[in-house]
Amino acid sequence: MEPKYGKNSINCLINVKQIMSIHYFEFKSTFNFSSEIHNYWELVYVDKGAAVATSDGRTIRLSQGEAIFHKPGESHAIASDPDDPPTVFIITFYCPSKDMRFFADRHMNVPTPLRKYITEMISDGGEAYHIEDDSPYETELKKREDGSFGSEQLIKLNLEMLLLKLIRSTTLPKIDDDTKNYDKLTNAIIDILTNNVYGRITVEAISRDLGFSRTHISSVFKENCGKTITEYLTELKISEAKYLIRKDIYTISQISDFLCYDNPHYFCRVFKKETKMTPKQYGMSVSYPDKYAKKA
């Protein structure tokens with residue numbers, strides 16, 4: 001006998017019906033995308049650097065960690081900040097839920113604990129679709145025949161989690177419980193790592209600075225971020241290296257020195273391990289064809 005459904009059925013307040021496109025771009029300083037209009041939602045999140053977003057006459061500078069939402073039918077465009085070329089995550093999706101009205105004309109900071117959902121969407125996007133060589137002008141998602149099990153659904157679920165928690169983080173009172181304290185510790189570690197991208201820092205030094213054991217901070221960080229402190233620092237350094245390469249004014253040796261690698265050869269090995277290409281190959285890969293340039 002099947003169970004009866006009634007008052008205990010799940011009330012889905014945010015229900016994403018379709019993912020239209022998903023991208024993770026590393027723009028050069030000259031990038032400028034002319035305006036477009038479509039009948040679904042768009043989320044633009046700046047993972048690094050800065051971008052200039054335009055929507056229905058508004059011009060907003062998006063810094064690292066900030067996002068803007070474009071509602072259906074809204075004219076919008078995006079360009080690099082020439083002095084701080086960005087890395088940008090963009091996802092477009094169809095969601096008719098009435099609570100999406102919260103995001104209309106919304107420009108906001110994405111709290112650090114919630115950024116993991118964006119990281120998951122980027123990862124699953126590469127598993128579900130062919131987006132390695134995508135361009136910002138490509139709108140059709142091409143599914144992978146060898147995609148990982150459940151990757152498309154995980155994109156939907158992580159997007160819904162992000163949207164729901166963004167609403168809650170803005171509308172609900174703050175609660176100072178153990179979970180929040182764990183988040184505070186993770187954020188403190190991330191702040192230290194971010195401030196030491198151009199320096200050297202050890203897990204032991206971080207534990208001394210924060211007054212916790214190495215085992216405790218390592219465990220909390222791994223639980224919240226899904227990676228070790230050392231792995232996170234390496235990702236920060238390589239992300240900064242990619243940013244410096246895109247500025248196109250420094251040599252590989254200079255970038256290696258800036259980021260406190262022992263020598264350029266070791267830096268290149270780490271870079272290739274993280275990105276699957278050499279620094280030189282990466283520098284060549286981030287230039288889009290002239291046909292994509294915005295006409296004057």
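In this predicted model, Ala51 of strand E4 has Ser80 as its bridge partner in E7. Strand E7 covers residues 76-80, and E4 and E7 run antiparallel to one another, paired over five bridges. Ala51 also stands opposite Leu62 in E5. That pairing, between E4 and strand E5 (residues 58-62), is again antiparallel and again counts five bridges. E4 and E5 make up a hairpin with two residues between them, and Asp56, sitting in the turn, has a positive phi of about 45°.

The side chains of E4 (residues 51-55) take turns: Ala51, Ala53 and Ser55 point to one face and are buried, whereas Val52 and Thr54 point to the other and are not. This fits the usual picture, since in a regular strand side chains alternate between the two faces of the sheet.

Lys48 belongs to strand E3. Is this lysine buried or exposed? With a relative accessibility of 11%, Lys48 falls under the 20% cut-off and so counts as buried. Its side chain makes a polar contact of 2.4 Å with the side chain of Glu240. Leaving aside residues up to four places away in sequence, Lys48 touches Gln64, Pro85, Pro86, Thr87, Ser239, Glu240 and Tyr243.

Next comes helix H1, residues 115-128. Its 14 residues, at 1.5 Å each, should span 20 Å, and the end C-alpha atoms do lie 20 Å apart, so expectation and model agree. Buried in H1 are Tyr117, Ile118, Met121, Asp124, Gly125 and Ala128. These residues cover an arc of only 130° around the axis, which means that they sit on the same side of H1.

On to the nonpolar cores. The largest one holds 31 residues, and those with the most contacts inside it are Ile91, Phe93, Phe103, Met121, Leu159, Leu162 and Leu163. At least two residues of this core come from each of strands E1 (18-26), E3 (41-48), E6 (66-70) and E8 (87-94), and likewise from each of H1 and helix H2 (151-171). H2 chips in the most, with six residues. As a general matter, nonpolar side chains tend to be buried together in soluble globular proteins.

Phe93 gives a feel for the packing: not counting residues up to four places away in sequence, Phe93 touches Val16, Gln18, Ile19, Met20, Tyr40, Trp41, Leu43, Met100, Leu159 and Leu163. There is also a second, separate core of 28 residues, with Ile192, Val203, Ile255 and Val270 among them.

Technical notes
Residues are numbered from 1 along each chain as its sequence is written. This is a predicted model: local features need pLDDT of at least 70, side-chain atom pairs count only at pLDDT 80 or more; totals for chains, interfaces and linings use all residues. Side-chain values use heavy atoms; hydrogens and water are left out. Helices (H or I, at least four residues) and strands (E, at least two) are DSSP runs, numbered from the N terminus. The expected span of a helix is 1.5 Å times one less than its number of residues. Buried means under 20% relative accessible area, exposed over 50%, partly exposed in between (1.4 Å probe, protein chains only). The arc is that of the directions from the helix axis to the C-beta atoms. A nonpolar core is a set of buried Ala, Val, Leu, Ile, Met, Phe, Trp, Tyr and Cys residues joined through side-chain atoms within 4.5 Å. Contact means heavy atoms within 4.5 Å. Two strands pair if DSSP finds at least two bridges between them. A polar contact is a pair of N or O atoms within 3.5 Å; within protein, one must be able to donate a hydrogen and the other to accept it, and residues adjacent in sequence count only if both atoms are side-chain atoms.
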